[in-house]
Amino acid sequence: MKITKLSLRLRIFFAMIFLVLLASILIALVAAYQYSEETQDYHEQRLERKEKNIKRHLDFVIRETTFEVIPEKLPLIFKDEIYKIADIHGLKVNLYDLEGSLLISSKASLPLDDVESCIQAEILNNLSNTSGHKFVDIREEKGENFRSSYTYITDQKYKPLAILNLPYLENDDFLSRELNEFFERLGYTYLLMLITAIALAYFLSKYITKTLKTISDKMNQTRLEKRNEKIEIKSTTQEISTLVKSYNSMIDQIEESAVKLAKSEREQAWREMAKQVAHEIKNPLTPMRLTVQSFQRKFDPKDPEIISKLDEYSKTLIQQIDTMSSIAGAFSNFAKMPAQQNEMLNVVKIVDLALDIFNEDYIHFEAEKEEIIAKFDRTQLIRVLTNLVKNGIQAIPDEKTPKIIVSVSEKDEHVVLAISDNGIGISEENKIKVFEPKFTTKSSGMGLGLAMVKNIVETYKGTITFVTQKNIGTTFTVRFPKE
């Protein structure tokens, strides 16, 4: 999963957890490093203290001895004392002459190989060339760290007598236990911190993104065709407040633009409708004018066929007037829908009665059950049905045996009304224009029937769809809630 695809809330949550884990790891690393440094300091200082105390003890033995204090007599001077010194201070003690040869060692009882009989030349050079005449050799053997300090012991006149060597094993068992205990406590602390951080990150990220989610939901619900609500948040951050103000300002602009657009669309629609009405009215006016002019030119009171000619002229005029009246009626029905008179109807019965006005015997009615109750306006339901049936009748060519099937059923608390015909179907280029107010493929009429049906159905929060096949037929399906 890519980080860029994560929500802001998850990003904040994971970022906080990551920071806590990173801080925990860094603290653990610093603690381990600090432990290592302190361990080195501890061993260094401990060896220095041991060396200081052993030298004081050796100086005391030299002051109290009855032997002559010279390098050759040192084995006799410390013959018994060196073991006591080693035992008292808990450290092995080796004495070398100034040339680096072993004089005496507290490890005398061990095999000779366990004690270096000579000091390396490099160590002797470092010891003699340093200002403090002191050298510490650090090495690792068999996984264990060793320190070995070298320094001079002097007589009372500070003349070097021998080289004191103190081998020291860095025993970290105690410190390791302390470190393990420390890390164990630190682990429990980090675990508690992590659980607390997860809880805080969850609630904090939820709090931070709560307002953003509100804004996001509002934006998703924003529509140009409806009234949008503004966001009202009392307490929030300055950044979120600025975003909310910008959104509310955008809503005001959308409302203003929607009003202007609706007004423009209405004006454009009425202009188009006026053009269509004018065009449709002109069609019957032309034959009416020609008929009147012909009658005026040929009128002869003495003509024996004047009565029949007058009757023919009158029929022509009446036919064209009826056409104009039909156009005016269609326009009126579309422009001004009657008020809804909602009532609980048996849709099956209303559809059956509405089909009685059609005399065609090829119209067949099918119902899933005898009674399907729904809330609808009786007149508008009949108008929907008759318009769809007329549309089906007009779609069937003369050379075909016509067949129209009307069916009523119910599904998922909805009434489903289907009207199928075996007409010529609807072409691909005309499918998107079917419900446009002025669209028609017929030679007469204004094409307002299907537009009016769609308007009525959508008023009742329903839908109208169709499926069609060329030269096979079309099925219109109306679906609206029962209540």
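**Figure 1. Burial of K482 and its salt bridge to E410 in the predicted model.** In this predicted model, K482 counts as buried, its relative accessibility being 17%, a value that falls under the 20% limit used for buried residues. The side chain of K482 meets that of E410 in a salt bridge with an N to O distance of 2.7 Å. E410, at 23% relative accessibility, counts as partly exposed. Because E410 belongs to strand β9 whereas K482 lies in the segment after β12, the pair ties together parts of the chain that are 72 residues apart in sequence. K369 also takes part here, since K369, E410 and K482 are linked in a network of salt bridges.

**Figure 2. Two further salt bridges, K84 with E81 and D137 with R139.** The structure holds 9 salt bridges, and the two shown here are among them. In one, the side chains of K84 and E81 meet with an N to O distance of 3.9 Å; these residues both lie in helix α3, which covers residues 81-89, and because they are 3 residues apart they are separated by about one helical turn. K84 is partly exposed, with a relative accessible area of 47%, and E81 is likewise partly exposed, with a relative accessible area of 24%. In the other, the side chains of D137 and R139 meet with an N to O distance of 3.5 Å, and R139 counts as partly exposed at 29% relative accessibility.

**Figure 3. The tilted aromatic pair of F376 and F480, and the cluster that includes Y460.** Of aromatic pairs, the structure holds 3. F376 and F480 form a tilted pair, with 4.5 Å from centre to centre and 50 degrees between the planes. Since F376 lies in strand β8 and F480 in strand β12, this pair ties together parts of the chain that are 104 residues apart in sequence. F376 is buried, with a relative accessible area of 2%, and F480 also counts as buried, at 2% relative accessibility. Ring pairs link F376 and F480 with Y460 into a cluster.

**Figure 4. The tilted aromatic pair of F466 and F476.** The ring centres of F466 and F476 are 5.5 Å apart and the ring planes stand at 40 degrees, so the pair is tilted. F466 is found in strand β11 (residues 463-469) and F476 in strand β12, and the two residues are 10 apart in sequence. F476 counts as buried, with a relative accessibility of 3%.

**Figure 5. The largest nonpolar core and the surroundings of V389.** The largest nonpolar core has 39 residues, of which I363, L385, L388, V389 and V406 touch the most other members. The elements that give two or more residues to this core are the helices α8 (347-354), α9 (378-395) and α10 (449-459), together with the strands β8 (373-377), β9 (404-411), β10 (414-421) and β12 (473-481). Helix α9 gives the most to this core, with 6 residues. When residues up to four places away in sequence are not counted, V389 touches L355, F358, I363, I404, V406 and I419. Another core, of 21 residues, lies apart from the largest one, and L47, L58, I62 and L95 are among its residues. As general background, nonpolar side chains in soluble globular proteins tend to be buried together.

**Figure 6. A nonpolar surface patch that includes F18.** F18, L19, L22, I25, L26 and L29 make a nonpolar patch of about 600 Å² on the surface. F18 is found in helix α1, which covers residues 8-64. F18 counts as exposed because its relative accessible area is 52%, which lies over the 50% limit for exposed residues.

**Figure 7. The whole protein chain, as context for the close-up views.** The protein chain has 10 helices and 12 strands, and 33% of its 483 residues count as buried. Among contacts between residues at least 6 apart in sequence, 63% join residues that are at least 24 apart. The protein chain exposes about 31,700 Å², and carbon and sulfur atoms supply 54% of this area.

Key. Residues are numbered from 1 along each chain as its sequence is written. This is a predicted model: local features need pLDDT of at least 70, side-chain atom pairs count only at pLDDT 80 or more; totals for chains, interfaces and linings use all residues. Side-chain values use heavy atoms; hydrogens and water are left out. Patches are made of residues with over 30% relative accessible area and no salt bridge: like charges are joined within 9 Å, nonpolar side chains (Val, Leu, Ile, Met, Phe, Trp, Tyr) within 5 Å. Accessible areas come from the Shrake-Rupley method with a 1.4 Å probe; for residues, only the protein chains shown count as cover. A salt bridge is a side-chain nitrogen of Lys or Arg within 4 Å of a carboxyl oxygen of Asp or Glu. Helices (H or I, at least four residues) and strands (E, at least two) are DSSP runs, numbered from the N terminus. Buried means under 20% relative accessible area, exposed over 50%, partly exposed in between (1.4 Å probe, protein chains only). Contact means heavy atoms within 4.5 Å. A nonpolar core is a set of buried Ala, Val, Leu, Ile, Met, Phe, Trp, Tyr and Cys residues joined through side-chain atoms within 4.5 Å. Rings of Phe, Tyr and Trp (its six-membered ring) pair if their centres lie within 6.5 Å; planes under 30 degrees apart count as stacked, over 60 as edge-to-face and the rest as tilted.
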